[in-house]
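Here's a quick briefing to read alongside the structure. It goes from the overall make-up to a sheet, a cavity and one helix residue.

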Amino acid sequence: MRKDDLYITVPSFFRCPITLDVMKSPVSLCTGVTYDRSSIQRWLDSGNNTCPATMQVLQTKDLVPNYTLQRLIQIWSDSVRTQRSDTESNRVNSVNHDQVRELIKQFVNDFRVHSELEMNSDWLSKLLAFSEESAENLRFVASVAAESDFLAILTSFLVHNPKNLKVVEKIVPLWKMLLVERGSLSKIGKANDIYPAIIFALKHGSSKLKMEMSKALEFITSTDSEAKSSLSENSDLYSVLLSFSTINSDWNPDLMEVSVSCLISLAMLRKNRVKLVKAGAVKSVGKALSTAEMGTGLTDKVLRLLELISTCKEGRLELCNDGDCVQAIVKKVLKVSNEATEHAVTILWSLCCLFRDYRAQESVAKSNGMAKILLLLQSNCSPAVRQMAADLLKVFRVNSKAVSCLSTSYDTKTTHIMPF
């Protein structure tokens, strides 16, 4: 067999003890041993009155069908046929190094002659499958692409044909992989030209295209400071990325996690935090935090984004105005991960201690925040978190004493007034 053929391991209890072949019609003797019907019948017809496997004398020669084993063999056989079919399909669609080089060369030549050339989905699928097969294959495709400006041509197609979403959806996965391997968008050419195409795909593409384009955008914003700075000037980008946080029937937590990663990267530039607030980040992300079932990774990132937003005046005001969001932040303390707890405590410390906002303090008190802070002080948290928790506790103790004093003073005055 060729090395890429499918090797099949047959479970031993699927084999007939006489022929060692997979049983077609398994039947059991009175000894409890199962054979293929045709094999055991030949044994018995030959005048034998013993069980071939145990050599026990048979009290009866009745053959009992083993339907359970027959069903298991059928399920296994169907699975093997499916694997064979997939293997053959992959073999037909696979290409070798020379064919990859020829495919890319032919496409580049054709594109230079016919700039409006329609993309051939067949060769795109082959190149993508080849690239996904291994890191070595991807490096090879990237090296050939670099020699022929293939990545720049794919980018040019995306720039000039953003509304051709059917073709764009087939290009973007390969484009994204080559972009990551290349290391920077700015090395391709006029990087600014691709931004409208990215935003159009995020707005109007399928769920699959939105995910692939979001991953590409995540790479761009996290590795290319020049591209991130340029992208951050596009106001549409914030609203599009925040739309993936809207909790509805189409909500995709994986897509939201990638989009929040992009927003965090953008928010690393201080000037962008106000833009995020104006785009409704606190309301959108805060509602998702308080109502949606999120995994640890997504929760960590949402709290990190809110922590960055809380460092600007506009962000603090929005957070303090949104009591539900603050209460949701309190609930995540000691409940998700150490990272989530650190982000949450930092936000609460900023609002309640550093900026002394009474609305935030009230929201924390309503959500039983004091108990959480006390538990946090008793936990094995980092020194920084412990200090912030201690500061929060002092604030609430002072506030409690102030309220108590006011209450006592009011009661004393009332006592003197009552006789009159």
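Contact here means heavy atoms within 4.5 Å. With that in mind, take the contacts in the protein chain between residues at least 6 apart in sequence: 65% of them join residues at least 24 apart. Keep in mind that this is a predicted model.

**Overall make-up**
- The protein chain has 21 helices and 3 strands.
- Of its 420 residues, 43% are buried.

**The sheet**
- The 3 strands form an open sheet, ordered β2-β1-β3, and the pairing is antiparallel.
- β2 (34-36) and β3 (64-65) sit at the edges with a single partner strand each, so each has one side left without a neighbour in the sheet.
- Strand β1 (residues 26-28) runs antiparallel to β2, and 3 bridges join the two.
- If you want a spot to look at in that pairing, try Pro26, whose bridge partner in β2 is Asp36.
- Helix α1 (residues 37-45) packs on the sheet and touches β1, β2 and β3. The direction of α1 makes about 95° with that of β2.

**The cavity**
- Searching the whole structure turns up 1 cavity of 30 Å³ or more.
- The largest cavity holds about 60 Å³ of space.
- Its lining is made up of Val330, Val333, Val345, Leu348, Val364, Gly369, Lys372, Ile373, Leu376, Ala389 and Leu392.
- Three elements, α18 (338-354), α20 (369-378) and α21 (383-417), give two or more residues to the lining of the largest cavity.
- Helix α20 provides the largest share of that lining, with 4 residues.
- By residue type, the lining of the largest cavity splits into 9 nonpolar, 1 polar and 1 charged. Lys372 is the charged one, because Lys counts as charged. Gly369 is the polar one, because Gly counts as polar.

**A closer look at Ser259**
- Ser259 belongs to helix α12 (residues 253-267).
- Is Ser259 buried or exposed? Its relative accessibility is 0%, and since buried means under 20% relative accessible area, Ser259 counts as buried.
- Which residues is Ser259 in contact with, leaving aside its neighbours within four places in sequence? Those are Leu241 and Phe244.

Definitions and conventions. Residues numbered from 1 in each chain as written. Predicted model: local features only at pLDDT ≥ 70, side-chain atom pairs only at ≥ 80, totals over all residues. Heavy atoms only, no water. Buried < 20%, exposed > 50% of the residue type's maximum accessible area, 1.4 Å probe, protein only. Pairing = 2+ DSSP bridges. Axes fitted to C-alpha atoms, helices over the stretch in contact; angles between N-to-C directions. 1 Å grid on protein atoms, 1.4 Å probe; cavity = no way out; pocket = protein on both sides within 12 Å on 5 of 7 lines; lining within 4 Å. Points joined across faces, edges and corners; volume = space filled by probe spheres on them.
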